[in-house]
Amino acid sequence: QVQLVESGGKLVQAGGSLRLSCAASGLTFSNYHVGWFRQAPGKEREFVAAITWGSSGNTYYADSVKGRITISRDNAKNMVYLQMNTLKPEDTAVYCCAALNRGRPFTRTPDPYDYWGQGTQVTVSS
């Protein structure tokens with residue numbers, strides 16, 4: 001059974017930092033592109049960042065987070081991380097990680113992703 005479990009979300013003040021983690025089980029994580037998406041109340045799910053499959057995947061970021069967020073992966077631990085710095089109130093959302101099989105091209109669109117976690121809440125106070 002495939003599971004993705006996010007952790008690390010909490011309430012922080014604007015300007016603060018958080019590291020979100022995505023732990024995978026039941027699949028060979030290194031064979032998957034992994035993306036982070038977020039959804040704020042009343043808004044659509046949006047792409048945040050992604051890292052392609054393999055030991056040192058390519059990274060992609062939404063313009064709104066570029067320079068503030070870094071995605072990385074540790075395949076030996078079946079983990080993907082999202083280091084978030086200089087957080088802003090508009091970063092408040094539920095953050096989910098998702099895995100897309102390497103047999104398909106990387107995409108910023110959420111629909112093709114094969115597996116999803118339940119999400120972790122990030123709240124940034126002003």
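**Exercise 1. In what order do the four strands of the open sheet come, and what is their pairing?**

Step 1. Keep in mind that you're looking at a predicted model. Reading across the open sheet, you get β1-β3-β8-β7, and the pairing is antiparallel.

Step 2. Now check the ends of that row. β1 (3-7) and β7 (69-74) stand at the edges, and each has a single partner strand, so one side of each has no neighbour in the sheet. From one strand to the next, the twist averages 15°.

Step 3. Zoom in on one pairing. β3 (residues 18-25) and β8 (residues 79-84) are joined by six bridges in the antiparallel sense. If you want a spot to click on, S21 stands opposite Y81 in β8.

A quick reminder to go with this: strands of a sheet pair through backbone hydrogen bonds, and the pairing can be parallel or antiparallel.

**Exercise 2. Find the disulfide, then work out which parts of the chain the pair ties together.**

Step 1. Count first: the structure holds one disulfide. The cysteines joined are C22 and C97, with an S to S distance of 2.1 Å.

Step 2. Look down the link. The angle about the S-S bond is 70°, and the link of C22 and C97 is right-handed.

Step 3. Place both ends. C22 sits in strand β3 and C97 in strand β9 (residues 93-101), so the pair ties together parts that are 75 residues apart in sequence. Both C22 and C97 are buried.

Step 4. Don't get caught out by C96, which is in no disulfide. The nearest cysteine sulfur to C96 is that of C97, and that one is 7.5 Å away, whereas a disulfide needs the sulfurs within 2.5 Å. C96 is buried too, with a relative accessible area of 9%.

**Exercise 3. Describe β5: is the strand largely enclosed or not, and which strands does β5 run antiparallel to?**

Step 1. Start with burial. Five of the six residues of β5 are buried, so the strand is largely enclosed by the rest of the structure.

Step 2. Take the β4 side. β4 and β5 run antiparallel and are joined by five bridges. One handy marker is V34, whose bridge partner in β5 is I51.

Step 3. Take the β6 side. Three bridges join β5 to strand β6 (residues 59-61), again with an antiparallel run. Here the bridge partner of A49 is Y61 in β6.

Step 4. Go round the turn between β4 and β5. This hairpin has six residues between the strands, and G42 takes a positive phi near 80° there. P41 is found in that loop, between β4 (32-39) and β5 (46-51). P41 is exposed, because its relative accessible area is 75% and the cut-off for exposed is over 50%. Although P41 and T92 are 51 residues apart along the chain, their C-alpha atoms are separated by 9.1 Å.

**Exercise 4. How many aromatic pairs does a search of the whole structure find, and why is the pair of F37 and W116 called tilted?**

Step 1. The search finds seven aromatic pairs. For F37 and W116, the ring centres are 5.1 Å apart and the planes are at 50°, so this pair is tilted.

Step 2. Trace both rings back to the chain. F37 belongs to strand β4 and W116 to strand β10 (residues 115-116), 79 residues apart, and the pair links these distant parts of the chain. F37 is buried at a relative accessible area of 1%, while W116 is partly exposed at 25%.

Step 3. Try a second pair. F47 and F106 have ring centres 6.2 Å apart and planes at 65°, so they count as edge-to-face. F47 lies in strand β5 and F106 in the loop between β9 and β10, so the pair ties together parts that are 59 residues apart in sequence. F47 is buried, with a relative accessible area of 9%.

Step 4. Put the rings together: F37, F47, Y60, F106, Y113 and W116 form one aromatic cluster.

**Exercise 5. Which arginine lies over the face of W116, and which over the face of F29?**

Step 1. Begin at W116, a member of that aromatic cluster. R45 lies over the ring face of W116, at 4.1 Å from the ring centre.

Step 2. Then move to F29. There, R73 lies over the face, at 5.6 Å from the ring centre.

Conventions
Residues numbered from 1 in each chain as written. Predicted model: local features only at pLDDT ≥ 70, side-chain atom pairs only at ≥ 80, totals over all residues. Heavy atoms only, no water. Helix = DSSP H or I, 4+ residues; strand = E, 2+ residues; numbered from the N terminus. Buried < 20%, exposed > 50% of the residue type's maximum accessible area, 1.4 Å probe, protein only. Pairing = 2+ DSSP bridges. Axes fitted to C-alpha atoms, helices over the stretch in contact; angles between N-to-C directions. Phe/Tyr/Trp six-rings, centres within 6.5 Å; stacked < 30°, edge-to-face > 60°. Lys NZ or Arg CZ within 6 Å of the ring centre and 35° of its normal.
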